[in-house]
Structures are given as C-alpha cells and as structure tokens.
Amino acid sequence: MKVTGNQQVGQEIIAVLKQWDQAICSLDLHQIIAHCSADVSLFDVSSELVGVSAYQQIWTRYQDYFQSGLRVFRDRIHIQAESQLAFVSCFSKIDVESGIPTPNILWCRTTICFRKKDDQWKIVHQHISLPTEIQDREPVKWDFS
C-alpha cells in the first residue's frame, strides 16, 4: 500500500475503507448509504448513476447474490490524501473469505473519491472497470500475488 500526501489522512481513509468493505460484504444498505454523500456518483462496467437513492438501488440488486463469508480483496492500493479530499485507486474483487479464488470472479480497477465534510469522510465518486487487452499491443499480464 502506498500513501501519497497527508499520512494522517491516509490512515483515516484506511479505517474508513475497512468499514466500507464490511458494509459491502454484509450488504448492509444502511451502512453503505451512510458512507456516501447525497450526490454520490458511480461509473462501472454496466452503468452510470448519480445520487444516493440510485446508488442504494444498485446495491439492492445484489441481495440474491451475496452470501455470508465474503471479503473485499484489494491489491496495488494507492491512496492520495489531502485534508478534505482523498482518492483510493486499486485492483479489487469481492470473493469468499478463504481467499481461494472463485472461478469467473475478476479483479476490477477501482477508484474511490472521498470528501471530508463535517468531520466525516464520504464517498463522492466511485469508478469500477474491467482490465481488457488491447488487440494492437502485447497482452497485459497481471500478477496479483
């Protein structure tokens, strides 16, 4: 993990990210929304949305797929931290706690932007994408070990 900028803020973001991951894995919609600003936006592989209500609806769709014993795995974490704004970029995936990879669960590129307001860090933007190979170039080989 690499923290650039304000190291104390970087530690705050790590703590918030751990809480965020717990909310995601338990699919605690109340806690998920509590971590977001009212104008949160999300760009992912299949959608683009703005607003906490739309964000909550997208997580509601996952209720049939989430089970107990999940964990957010992150790799190549880079936190850029300043007093009121922080960015987390990494590769991430949600899989079983054991760490034994589930087939077809892919690593995603993830960026999360946090803004501090009233002494609380809130997610204002999240971007998730899948790494792809560009046909004109050598395939990218990812080492997540």
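Is Leu106 buried or exposed? Leu106 counts as exposed, because its relative accessibility is 52% and the bar for "exposed" is over 50%. Keep in mind that this is a predicted model. The close-ups below start with that leucine and then move on to rings, a pocket, charged pairs and a couple of backbone angles.

**View 1. Leu106 and its nonpolar neighbours on the surface.** Leu106 sits in the loop that runs between strand S5 (85-96) and strand S6 (108-117). Together with Val45 and Leu130, Leu106 makes up a nonpolar patch on the surface. Add the three side chains' residues together and the patch has about 260 Å² of accessible area.

**View 2. Trp20 and Tyr55, a stacked pair of rings.** The structure holds two aromatic pairs, and here is one of them. The ring centres of Trp20 and Tyr55 are 6.4 Å apart, and the planes meet at 25°, so this pair is stacked. For that label, the planes have to be under 30 degrees apart. Trp20 belongs to helix H1 (residues 7-25) and Tyr55 to helix H3 (residues 52-60), so the pair ties together parts that are 35 residues apart in sequence. Are these two rings' residues tucked away? Trp20 is buried, with a relative accessible area of 2%, and Tyr55 is buried too, at 0%.**View 3. Tyr55 again, this time edge-to-face with Trp59.** Stay with Tyr55 and look at its pairing with Trp59. The distance is 6.4 Å centre to centre, with 70° between the planes, and the pair is edge-to-face. Tyr55 and Trp59 are four residues apart in helix H3, so about one helical turn separates them. Trp59 is buried as well, with a relative accessible area of 11%. Put the rings together and you get one aromatic cluster, formed by Trp20, Tyr55 and Trp59.

**View 4. The largest pocket and what lines it.** How much space lies in the largest pocket? The answer is about 860 Å³. Its lining is made of 31 residues, and the closest to the pocket's centre are Tyr62, Phe66, Lys93, Ile94 and Cys108. Several elements give two or more residues to this lining: H1, H3, strand S4 (70-81), S5, S6 and strand S7 (120-129). The largest share comes from S5, which gives five residues.

**View 5. Lys93 and Asp95, a salt bridge between buried residues.** You have just met Lys93 among the residues closest to the pocket's centre. The side chain of Lys93 meets that of Asp95 in a salt bridge, at 3.6 Å from N to O. Both Lys93 and Asp95 are buried. Side chains of opposite charge can pair when their charged atoms come close.

**View 6. Arg74 and Asp21, a link between a strand and a helix.** A search of the whole structure turns up four salt bridges. In one of them, Arg74 pairs with Asp21, and the closest N and O atoms are 2.5 Å apart. Arg74 is in strand S4 and Asp21 in helix H1, 53 residues apart, and the pair links these distant parts of the chain. Arg74 counts as buried because its relative accessibility is 18%, and Asp21 counts as buried at 13%.

**View 7. Arg115 and Asp39, a link between two strands.** The closest N and O atoms of this salt bridge are 3.6 Å apart. Arg115 comes from strand S6 and Asp39 from strand S2 (residues 36-43), so to speak distant parts of the chain, 76 residues apart. Is Arg115 buried or partly exposed? At 34% relative accessibility, Arg115 counts as partly exposed. Asp39 is also partly exposed, with a relative accessible area of 44%.

**View 8. Asn104 and Asp118, two residues with a positive phi.** Most residues other than glycine have a negative phi. Asn104 has a positive one, near 70°. You'll find Asn104 in the loop between S5 and S6, where Asn104 counts as exposed at 74% relative accessibility. Asp118 has a positive phi of about 55°, although it is not a glycine. Asp118 is placed in the loop between S6 and S7 and counts as exposed at 69% relative accessibility.

Conventions:
Residues are numbered from 1 along each chain as its sequence is written. This is a predicted model: local features need pLDDT of at least 70, side-chain atom pairs count only at pLDDT 80 or more; totals for chains, interfaces and linings use all residues. Side-chain values use heavy atoms; hydrogens and water are left out. Patches are made of residues with over 30% relative accessible area and no salt bridge: like charges are joined within 9 Å, nonpolar side chains (Val, Leu, Ile, Met, Phe, Trp, Tyr) within 5 Å. Accessible areas come from the Shrake-Rupley method with a 1.4 Å probe; for residues, only the protein chains shown count as cover. Buried means under 20% relative accessible area, exposed over 50%, partly exposed in between (1.4 Å probe, protein chains only). Rings of Phe, Tyr and Trp (its six-membered ring) pair if their centres lie within 6.5 Å; planes under 30 degrees apart count as stacked, over 60 as edge-to-face and the rest as tilted. On a 1 Å grid over the protein atoms alone, a cavity is a set of points where a 1.4 Å probe fits but cannot get out, and a pocket is an open set with protein on both sides within 12 Å along at least five of seven lines; lining residues have an atom within 4 Å of a point. Grid points are joined across faces, edges and corners, and a volume is the space filled by probe spheres set on the points.
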